[in-house]
Amino acid sequence: MIKIKNVLIIITVIILVVVLLYIGRGDKLEEPAFVKELVSSEDMDVDIEFFVSNKSDLKVVDVEIPNMPNGFSLDFYDDVDEVNGCYGHWLSIEFSADDLSDSGGLSEPFVFHEIIIKWDDESETRANIGTVHLAESYEPSDTFEWYGTEYVNFPAVRQEVVQEFTATQDLSISKIDIPYYDEVSDYIKDITLDGRNVFEITEENPLVVEKGKTYIMNYIEDTSVPIKYGFIFLEGKIIGIDKHGNEHTNMFYIQARDGRDMIDVLHEAIKYAE
């Protein structure tokens, strides 16, 4: 997840420049404007993005997550860049917990929707950031080798995302699980694996993959559809059975970046400063 998110940071910077040039009034921000995100992953590192006016010289001194479970703690790093009249903050939060599974992750999931930013003037900002789901950990199998992601742009407002996998053993795929998919199904659609709709792959109608062969997962981002999230990162699971009856779980990622949410949050923050 971290590697993928590092790649996306370049996209983020480009979008920020375009958005702030489009708005042209970023210096009128009176309150921090947060980008909504939908994240579900067993990774315990989370990135939060928000903007403040460049008239503000406040610094982040602490971060709190309301209702964080006992035994949880966090460290954070705030990376700040000035972008055309705003300070853009990339707040990286690293969670830790006393009760971890054998695989080194969470034994129970933790979901949060709000964050509290504490500033060096002793004030604080409490904001809704969407949904962040730190999933319980599991031991992934190595039955697929992931080769990477390619983006294919269509005319107009559609983009195809292509991921390649190579099977390392024979496997009967019986289920594809994508958390929170109902929330983004109008925007991220037509998800297929080896040409088959992933939601039609079942125990009764499995997808049989062969060792050494490469398989393609595709999905479409339909950017003509309104969406309430500026950043989406969903960790899905490919679940299958080998010839000995053993279950294997491999992860894959659904990810999207939408600058329209950034325009919306800036408009909302700025309109009261007119």
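**Cores, strands and ring pairs in a predicted model**

Phe 233 has a relative accessibility of 0% and therefore counts as buried. The model in which this residue is found is a predicted one, and the account below moves from Phe 233 and the other aromatic rings to the cores, the strands and the confidence of the prediction.

In all, nine aromatic pairs are counted. One of them joins Tyr 181 and Phe 199, whose ring centres lie 5.0 Å apart with 35 degrees between the planes, an arrangement classed as tilted. Tyr 181 belongs to helix H2, whereas Phe 199 sits in the loop between strand S13 (196–197) and S14, so this pair ties together parts separated by 18 residues in sequence. The two partners can also be described by their accessibility. Tyr 181, at 13% relative accessibility, counts as buried, while Phe 199, at 42%, counts as partly exposed. Phe 233 takes part in a ring pair with Phe 231: the centres are 6.5 Å apart and the planes meet at 25 degrees, so the pair is stacked. Phe 231 is likewise buried, because its relative accessibility is 4%. Elsewhere, ring pairs link Phe 72, Phe 95, Phe 110 and Phe 112 into a cluster.

The nonpolar interior comes next. The largest nonpolar core contains 29 residues, and Ile 176, Ile 178, Ile 188 and Ile 232 have the most contacts inside it. Among the elements that give two or more residues to this core are strand S11 (171–177), helix H2 (181–184), strand S12 (188–193), strand S15 (214–222), strand S16 (231–241) and strand S17 (247–257). Ile 188 illustrates how residues distant in sequence meet: leaving aside residues up to four places away, Ile 188 touches Tyr 181, Tyr 219, Ile 220, Ile 232, Ile 254 and Ala 256. A second core, separate from the largest, has 25 residues, including Phe 34, Met 44, Ala 97 and Leu 134.

Strand S10, which also gives two or more residues to the largest core, spans residues 158–167 and contains Thr 166. With 8% relative accessibility, Thr 166 counts as buried. The side chain of Thr 166 makes a polar contact of 3.0 Å with the side chain of Thr 214.

Strand S8 offers another view of the interior. Of the 11 residues in S8 (residues 124–134), eight are buried, so the strand is largely enclosed by the rest of the structure. S8 pairs with strand S2 (residues 37–41) in the parallel sense, over five bridges, and Ser 40 stands opposite His 133 of S8. S8 also pairs with strand S7 (residues 110–119), here in the antiparallel sense and through eight bridges. Phe 110, a member of the ring cluster, has Leu 134 in S8 as its bridge partner; Leu 134 is in turn one of the residues of the second core. S7 and S8 form a hairpin with four residues between them, and Glu 122 in the turn has a positive phi of about 75 degrees.

Finally, the confidence of the prediction should be kept in view. The mean pLDDT of the chain is 79, with 72% of the residues at 70 or more. For residues 1–7 the pLDDT falls below 50, and this stretch has 16 contacts in the model beyond near neighbours in sequence. Residues 267–274 also remain under 50, and the model has 16 contacts for them beyond four places in sequence.

Note on methods: Residues are numbered from 1 along each chain as its sequence is written. This is a predicted model: local features need pLDDT of at least 70, side-chain atom pairs count only at pLDDT 80 or more; totals for chains, interfaces and linings use all residues. Side-chain values use heavy atoms; hydrogens and water are left out. pLDDT is the predictor's confidence in each residue, from 0 to 100. Contact means heavy atoms within 4.5 Å. Buried means under 20% relative accessible area, exposed over 50%, partly exposed in between (1.4 Å probe, protein chains only). A polar contact is a pair of N or O atoms within 3.5 Å; within protein, one must be able to donate a hydrogen and the other to accept it, and residues adjacent in sequence count only if both atoms are side-chain atoms. A nonpolar core is a set of buried Ala, Val, Leu, Ile, Met, Phe, Trp, Tyr and Cys residues joined through side-chain atoms within 4.5 Å. Two strands pair if DSSP finds at least two bridges between them. Rings of Phe, Tyr and Trp (its six-membered ring) pair if their centres lie within 6.5 Å; planes under 30 degrees apart count as stacked, over 60 as edge-to-face and the rest as tilted.
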